[in-house]
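Please open the model in your viewer and keep the selection panel at hand. The tour below goes stop by stop, saying what to select and what is to be found there.

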There are 2 protein chains.
Amino acid sequence: MTAPDAGSPFAALQNDTFLRACMRQATDHTPVWLMRQAGRYLPEYRATRAKAGSFMGLATNTDYATEVTLQPLERYPLDAAILFSDILTIPDAMGLGLSFAIGEGPKFAHPVRDEAAVQQLRVPDMDKLRYVFDAVTSIRKALHGRVPLIGFSGSPWTLACYMVEGAGSDDYRLVKTMMYARPDLMHHMLAINADAVAAYLNAQIDAGAQAVMIFDSWGGVLADGAFQQFSLAYTARVLAQLRRRHDGAVIPRIVFTKGGGLWLPEMGRLDCEVLGLDWTVNLGQARRMVGGAVGGPGKALQGNIDPNVLFAQPEQIQAEVRRVLESFGPPHQAVAGDPDQTGPTHVFNLGHGISQHTPPENVAALVDAVHAVSRQLRA
Amino acid sequence: MTAPDAGSPFAALQNDTFLRACMRQATDHTPVWLMRQAGRYLPEYRATRAKAGSFMGLATNTDYATEVTLQPLERYPLDAAILFSDILTIPDAMGLGLSFAIGEGPKFAHPVRDEAAVQQLRVPDMDKLRYVFDAVTSIRKALHGRVPLIGFSGSPWTLACYMVEGAGSDDYRLVKTMMYARPDLMHHMLAINADAVAAYLNAQIDAGAQAVMIFDSWGGVLADGAFQQFSLAYTARVLAQLRRRHDGAVIPRIVFTKGGGLWLPEMGRLDCEVLGLDWTVNLGQARRMVGGAVGGPGKALQGNIDPNVLFAQPEQIQAEVRRVLESFGPPHQAVAGDPDQTGPTHVFNLGHGISQHTPPENVAALVDAVHAVSRQLRA
């Protein structure tokens, strides 16, 4: 998996721990990366953003996006990089007019709230998202094979939440009103979103992404029944369209539904390699449900420490890291003669994005603890 | 259960459907009430609030609190009334200085953020909450036995969230920082909160509340492990101190943890009669986990329709009501000769408080559908 095709523009991968764990192969330590690891908690990120002038100025500039993606890797021995971008690039390319007001979240100038607006939606021309694919290639080159690069997208449902609400929401009233009152419109929008997400992720894979992640950040706000119909089904529609291999390597697919722990048995049937979990889920129970046996099918699990643990002292962070690693249970060990045999594996991560208020030195304590303790647990 | 003691100041109960369902006894229809049923979506509520001048002006005035509690019962054939009050009355009585700015949520002038502030906390003198108990007695009298009256409190953890954050929060960073960094302080605060909640609910029972509900509105933001230690254990500490009977009647105890579906097996071991569920939970699965068999122990279940269903059309509301009733499964039917035999029962409710934007006529469609469809399902 680590040797690119002859003629690949990219360097050979030096640390494949993350990709191996995604494929449920044994590793020497539990790999770790952090959602939103390139972000406001880092002073060097804030400096680059100040140069860029705005969030979208940062995200749309290849050099800046490359710079900030690599910043956390300079500080911490993380096992993966993730493209610096926003989950709302697709609706922006659809013409909804994305902006970020200072101190507020994202906002769309043209939210999708009636039948006419829904009927106008199309899968956007991927050329409008060229800046993302250019960033992927630039980052991949800049990484020089240090660690793999993860591409990502919001899920069809999560994009629909922002597209209808026009901004963040605490009750999802507008998007759910459309869902309950006009399910036909919602299904139409979700089908378009799914095809757009699939094209977007495939283009990221073509550009050099070595794994892809679908963020269903708002799947967990749905009622049982509605989640399966309006979120899970369209995540499945994306997965069915994704490239499985590129440049000689398998491309693992990660699905993360925040607040989706109750639907883990159904998510276990998704055609993907990894399921991301938030901190409400017990990793040991999740492993028993969907992690599979050695040599059998199953999902790798990614997560799931509470990002607020990073506000405690280093010793407490270490203790919580140990607790999360131990909750997963005994690591999958390589079988002599068959190091690529599959079994339950764990990719350490937060259960949600890192807080902008996090002290950077505490991130070092967490990453080091994951590596040290997970090696101990294998000894 | 419906006949008060000789000498009771209150009228005999005419509709005991809610209390019977709480005690897992068969009923002719599924009882229904709605969290925050007395509230801003009703124009008559807004008129009373305008007279009162402020939210706390409304909550602390016995006549106004009585008036607004009864308003939804004048419109809809609800099977229970719930005290009109706020979940933050206890911290206010502790001296934290509660206020409600217009267009914003609750705010404390003196949040509890350090060791000195935690050490100063005491179970408040219940005399400072006399206005609540007076309202309970006044409402109970004004009800004339039409339906039972539910008293309530925030859970120890949910109170702690507001006490530390000082207001609502979207990341619970301050309260979780204290929890992870100074668990000793958090446990101290939670023990005081639990004893205060127990005293508060017992005083409501003494004043006339015929059931009590603990709102663990923010239990679901905790990590697995932390929930059990910092929320569930203190809810249990409250329950252990509550009066079981008053004025000749059993007092059912309801516990609602928003976002707590993953911990249902553990909540099933709480010493309470009813568990409230949000819309992410499948009622049939919950019934199999904690609903118990006919004649055996178990919990009644309360919930769990998405309040946003109320923004659809009446026919769609009816269809969603039927879906929720059917997800619970066949209703518990009275056994000839033993109408009080216990079995799995369902109290219909929303999965969270009703939205202020709800069209009042849609609430009528929901309540009527619960009664009509649940009678059909028993026929």
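Begin by selecting the contact between the two chains of this predicted model, to which chain B gives 27 residues and chain A gives 27 residues. On the side of chain B that touches chain A, the elements that give two or more residues are helix 9 (173-181) and helix 14 (314-328) of chain B, and of the elements it is helix 9 of chain B that gives the most, with 5 residues. If you colour this side of chain B by residue class, you will find 10 nonpolar, 11 polar and 6 charged residues. Of the interface residues of chain B, 100% are also interface residues in chain A, so the copies meet through the same surface.

Next, show both chains together and consider how one is placed against the other. A turn of 180° with a shift of 0.0 Å along the axis lays chain B on chain A with an RMSD of 0.0 Å, and the two copies are thus related as by a two-fold rotation axis. Which residue of chain B comes closest to the rotation axis? Select Leu262(B), whose C-alpha lies 3.0 Å from that axis.

Now return to helix 14 of chain B, which you met at the contact between the chains, and add helix 15 (residues 360-378) of chain B to the selection. The axes of these two helices come within 9 Å and cross at roughly 45°, which makes helix 14 of chain B oblique to helix 15 of chain B; the crossing is right-handed. From helix 14 of chain B, the residues to show are Pro314(B), Ile317(B), Gln318(B), Val321(B), Arg322(B) and Leu325(B), while the contact residues of helix 15 of chain B include Ala365(B), Leu366(B), Ala369(B), Val370(B) and Val373(B). By class, this contact has 10 nonpolar, 3 polar and 1 charged residues. As you look along the helices, it may help to recall that an α-helix has 3.6 residues a turn, so residues three or four places apart point the same way.

For another helix pair, select helix 4 (residues 62-75) and helix 7 (residues 130-143) of chain B, whose axes come within 9 Å and cross at roughly 50°. That angle makes helix 4 of chain B oblique to helix 7 of chain B, and the crossing of the two is right-handed. Here Thr62(B), Ala65(B), Thr66(B), Thr69(B) and Leu70(B) of helix 4 meet residues of helix 7 of chain B, among them Tyr131(B), Asp134(B), Ala135(B) and Ser138(B). The residues of this contact divide into 6 nonpolar, 4 polar and 1 charged.

Then move to chain A and select its own helix 4, where the buried residues are Ala65(A), Thr66(A), Glu67(A), Val68(A), Thr69(A), Gln71(A) and Pro72(A). To see what covers these buried residues, add elements of chain A that include helix 2 (43-52), helix 3 (55-59), strand 1 (81-82) and helix 7 (130-143).

For the last stop, go back to chain B and select Arg20(B), which lies in helix 1 (residues 17-22) of chain B. Is Arg20(B) buried or exposed? Because 25 other C-beta atoms lie within 10 Å, Arg20(B) is buried, the cut-off for a buried residue being 20 or more. Leaving aside its neighbours within four places in sequence, Arg20(B) is in contact with Gln25(B) and Thr27(B). Finally, draw a distance from Arg20(B) to Thr342(B): the two are 322 residues apart in sequence, and their C-alpha atoms are 9.3 Å apart in space.

Key. Residues numbered from 1 in each chain as written. Chains lettered and ligands numbered in written order. Predicted model: local features only at pLDDT ≥ 70, side-chain atom pairs only at ≥ 80, totals over all residues. Contact = placed C-beta atoms within 7 Å. Helix = DSSP H or I, 4+ residues; strand = E, 2+ residues; numbered from the N terminus. Nonpolar A, V, L, I, M, F, W, Y, C, P; charged D, E, K, R; others polar. Least-squares fit on C-alpha atoms with pLDDT ≥ 70 in both. Buried ≥ 20, exposed ≤ 12 C-beta atoms within 10 Å, placed from the backbone. Axes fitted to C-alpha atoms, helices over the stretch in contact; angles between N-to-C directions. Parallel < 35°, antiparallel > 145°, perpendicular 65-115°, else oblique. Left-handed = near helix turned anticlockwise from the far one by under 90°.
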